[in-house]
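Here are a few exercises on internal cavities and cysteines. Grab the coordinates and work through them one step at a time.

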Amino acid sequence: MDNKKTFDLETVYLDDENNALVIIDQTLIPIEVKYLHLTEQEDIWEAIYELRVRGAPAIGITAGYGAYLGVKASKAQDYESFYQEFKKVKDYLASSRPTAVNLFWALDKMDACVKKNKNRSIPEIIEALHQQSEEIKAEDVRTNKAIGEYGLSLVQPNTGLLTHCNAGSLATGKYGTATAPMYLGHERGYNFKVFADETRPLLQGARITTFELAQAGIDVTLIADNMASTVMKNGWVQAVFVGCDRVAANGDVANKIGTSGVAILAHEYGIPFYVCAPTSTIDMNCPTGADIEIEQRNPEEVYKKWYAKPMAPEEGVKFFNPAFDVSDAKYVTAIITEFGIARPPFDITLKQIMDKKAQENA
Ligand code: MRU
């Protein structure tokens, strides 16, 4: 059992002394574990856009550190001009990807921090931003631990689990969301058998989830996305755990493209479909899944990016490459948060979870 080996990898951290944001370049995994030291805003933006750092919580953490670094050397003499500088950095980072709400959640937290410290000196505001960015990461790690406990309470030892994309340690500050129950179960001898969907077209499941879980010593089997039905029909899957990029107030869930198909299959086969969602991913201002902006990405990812040669004629063919889809709330068995487990009707239970959070943070 060696969860430690996986947890030793730092998805994203701040090297304050060198004014750098440090990330593992996830486009290189599993071939290479390479840390990138990013000091320029353009490089931080590019790292998010190109999925060098990815996964909703990790994007949020990156944005927090990025916003701090973007104003750390500010020469502003007064609050108003400092805030204008901050706002420019914030808006720029916010334009990197549209779907994961954690990006906007983290930037709003940083914004609130600037405003809260309005009456302090500029160096003091910058230090407050530093503390706030570290807190965003620390909160994520605590959150995932709690999600792991709640998630584990829903499953039995010696069972099969299926996951889609990578909602793992590398998608978060640590532990992951969908993988948190797997790692915790592993520590406690649950002996899970995990099926990882490869996750076309960017292969986060094949490249990252299998890498993480195998390194931790967890029994993991890679399947192509179109094999999920077969492993479910064979009775090899007792629960599905996935992460998410945004949960709407009615319980509709946006996650990596292909997730909604898994949700429908799980429903058909009577397998619980659990969504692991830090409350930072719940967007109560978003009424339904139809209100979530779905990122459209470069079509080359579908037929060219991972192949030595194009796998489709480049002339006369249209391509469609949405990065996410929405699983309708009716297919979701439960949404597991750090404040407890929400079950249908989600419009009521999600509100209860958010109220509980507000009370505990009051
Ligand atoms: O495009 P990606 O790789 O950033 O998409 C990631 C996912 O869809 C994850 O499942 C989600 O962000 C949850 S990560 C804990």
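**Exercise 1.** Work out which helix gives the most to the lining of the second largest cavity, and where that cavity lies relative to the two domains.

*Solution.* Keep in mind that this is a predicted model.
- Start with the helix: H6 comes out on top, handing over four residues.
- Next, check the other helices: H3, H5 (101–116) and H6 (122–152) each bring at least two residues to this lining.
- The space itself is about 90 Å³. Of its 14 lining residues, those closest to the centre are Asn 102, Trp 105, Ile 136, Asp 140 and Ser 280.
- Finally, domain 1 (6–142) and domain 2 (145–361) both contribute lining residues, so the cavity sits between them.

**Exercise 2.** Describe the largest cavity: its volume and the classes of its lining residues.

*Solution.*
- The volume is about 180 Å³.
- There are 21 lining residues, and Arg 54, Gly 55, Ala 56, Asn 166 and Asp 245 are the closest to the centre.
- Helix H3 (56–72) and strand E9 (253–256) are the elements that give two or more residues.
- Sorted by class, the lining has nine nonpolar, eight polar and four charged residues.

**Exercise 3.** Count the disulfides, then explain why Cys 244 and Cys 286 have no such bond.

*Solution.*
- The count is zero.
- For Cys 244, the closest cysteine sulfur is in Cys 276, 8.0 Å away, which is too far for a bond.
- For Cys 286, the closest is in Cys 244, at 12 Å, so that is too far as well.
- As for accessibility, Cys 244 is buried at 7%, and Cys 286 is buried at 3%.

Conventions. Residues are numbered from 1 along each chain as its sequence is written. This is a predicted model: local features need pLDDT of at least 70, side-chain atom pairs count only at pLDDT 80 or more; totals for chains, interfaces and linings use all residues. Side-chain values use heavy atoms; hydrogens and water are left out. A disulfide is a pair of cysteine sulfur atoms within 2.5 Å. Buried means under 20% relative accessible area, exposed over 50%, partly exposed in between (1.4 Å probe, protein chains only). On a 1 Å grid over the protein atoms alone, a cavity is a set of points where a 1.4 Å probe fits but cannot get out, and a pocket is an open set with protein on both sides within 12 Å along at least five of seven lines; lining residues have an atom within 4 Å of a point. Grid points are joined across faces, edges and corners, and a volume is the space filled by probe spheres set on the points. Ala, Val, Leu, Ile, Met, Phe, Trp, Tyr, Cys and Pro count as nonpolar, Asp, Glu, Lys and Arg as charged, and the others, Gly among them, as polar. Domain bounds come from an automatic or database domain assignment.
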